[in-house]
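Here are a few exercises to work through with the sequence and the 3D view side by side. Try each task yourself before you read its solution.

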Amino acid sequence: MKALLFPVVLLAGCAADEDAKQLALGEKLYAQHCAACHGAKLEGQPDWQKKLPNGRFRAPPHDDSGHTWHHPDEVLFGVTKRGLVPPYAPAGYESDMPGFAGKLSDGQIRAVLAYIRSRWSDEVLKLRAEMLKK
Ligand code: HEC
């Protein structure tokens with residue numbers, strides 16, 4: 001039995017390593033590409049619930065206080081990659097959220113989103129799982 005357990009433990013250790021690497025990368029990319037608008041602490045822009053004079057939305061928080069966690073992972077991925085274009089927004093919708101296709105690879109986008117997810121509280125994670133259950 002001992003001989004069998006050993007490799008399993010090693011594999012689990014590797015997976016945890018990969019997760020930690022992805023989160024560290026996501027944190028770095030978040031600071032470089034998202035923090036200017038969404039806030040260094042994911043707090044969003046001041047008065048984010050009020051529209052700008054030009055009618056556009058300000059950058060919402062990505063922490064528990066925002067609505068990022070209301071959306072399924074595919075939507076967050078699509079919005080980050082392509083911006084607020086159909087099917088995520090109506091055609092012609094004007095938004096200051098840039099699409100990151102060409103700037104960030106799919107893996108880098110997943111790392112940023114994993115970092116954002118890692119900052120949500122257990123309560124929010126539980127609510128989200130309930131909300132997104134099909
Ligand atoms: C130039 C400012 C700016 C930068 C940089 C930026 N965003 Fe945004 N983001 C916005 C704005 C403004 C909105 C709200 C857009 C709207 O609703 O029209 C938004 C919305 C979003 C949403 C939708 C949130 C929701 O609850 O609907 C996601 C997801 C998002 N941003 C992710 C990111 C990620 C990840 C990065 C970094 C890779 C990033 N953004 C960088 C301005 C920015």
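## Getting your bearings

The secondary structure of the chain comes to five helices and zero strands; helices (H or I, at least four residues) and strands (E, at least two) are DSSP runs, numbered from the N terminus. This is a predicted model, where local features need pLDDT of at least 70, side-chain atom pairs count only at pLDDT 80 or more, and totals for chains, interfaces and linings use all residues. Residues are numbered from 1 along each chain as its sequence is written.

## Exercise 1: the whole chain

**Task.** Work out the order of the elements, the span of the C-alpha trace and the share of residues that count as buried.

**Solution.**
Step 1. Start at the N terminus and read along: the elements run α-α-α-α-α.
Step 2. Lay the C-alpha trace along its principal axes, and it spans about 65 × 35 × 30 Å.
Step 3. Now for burial. A residue is buried if 20 or more other C-beta atoms lie within 10 Å of its own, exposed if 12 or fewer, and partly exposed in between, with C-beta atoms placed from the backbone. Of the 134 residues, 14% count as buried.
Step 4. Turn to contacts, meaning pairs whose C-beta atoms, placed from the backbone, lie within 7 Å. Among contacts between residues at least 6 apart in sequence, 48% join residues at least 24 apart.

## Exercise 2: the core and helix α4

**Task.** Find which residues make up the largest nonpolar core, then see where the buried residues of α4 point.

**Solution.**
Step 1. A nonpolar core is a set of buried Ala, Val, Leu, Ile, Met, Phe, Trp, Tyr and Cys residues joined through C-beta atoms within 7 Å. The largest one has eight residues: Y30, C34, L42, I109, A111, V112, Y115 and I116.
Step 2. Helix α4 (residues 106-118) gives the largest share of this core, five residues.
Step 3. In α4, the buried residues are I109, A111, V112, Y115 and I116. Seen down the helix axis, they fall within an arc of 160°, so they line one face of α4; the arc is that of the directions from the helix axis to the C-beta atoms.
Step 4. On the face turned away from that buried side, α4 carries the exposed residues D106 and G107.
Step 5. Pick out A111: leaving aside residues up to four places away in sequence, A111 touches Q22, L25, G26 and L29.
Step 6. Check the helix length. The expected span is 1.5 Å times one less than the number of residues, so the 13 residues of α4 should span 18 Å, and its end C-alpha atoms are indeed 18 Å apart.

## Exercise 3: helix α3

**Task.** Which residues of α3 are buried, and what do they pack against?

**Solution.**
Step 1. L76, V79 and T80 are the buried ones in α3. Their arc is 95° seen down the axis, so they line one face of the helix.
Step 2. Those buried residues of α3 pack against α4.
Step 3. Just past the helix, α3 is followed by G83, whose phi is positive, near 85°.

## Exercise 4: odd backbone spots

**Task.** Look in the loops for backbone values that break the usual habit.

**Solution.**
Step 1. Recall the habit: most residues other than glycine have a negative phi, and most peptide bonds are trans.
Step 2. L42 lies in the loop between α2 and α3, and it has a positive phi of about 70° although it is not a glycine. L42 counts as buried because it has 21 C-beta neighbours inside 10 Å.
Step 3. D47 also sits in the loop between α2 and α3, with a positive phi of about 55° although it is not a glycine. With 9 C-beta neighbours inside 10 Å, D47 counts as exposed.
Step 4. P86 and P87 are joined by a cis peptide bond, with omega about 5°. You'll find P87 in the loop between α3 and α4.

## Exercise 5: a loop tryptophan

**Task.** Is W120 buried, exposed or partly exposed, and which residues does W120 touch?

**Solution.**
Step 1. Place W120 in the loop between α4 and α5 (122-131).
Step 2. W120 has 18 C-beta neighbours inside 10 Å, so it counts as partly exposed.
Step 3. Not counting residues up to four places away in sequence, W120 touches D64, W69 and L125.

Technical notes
Contact = placed C-beta atoms within 7 Å.
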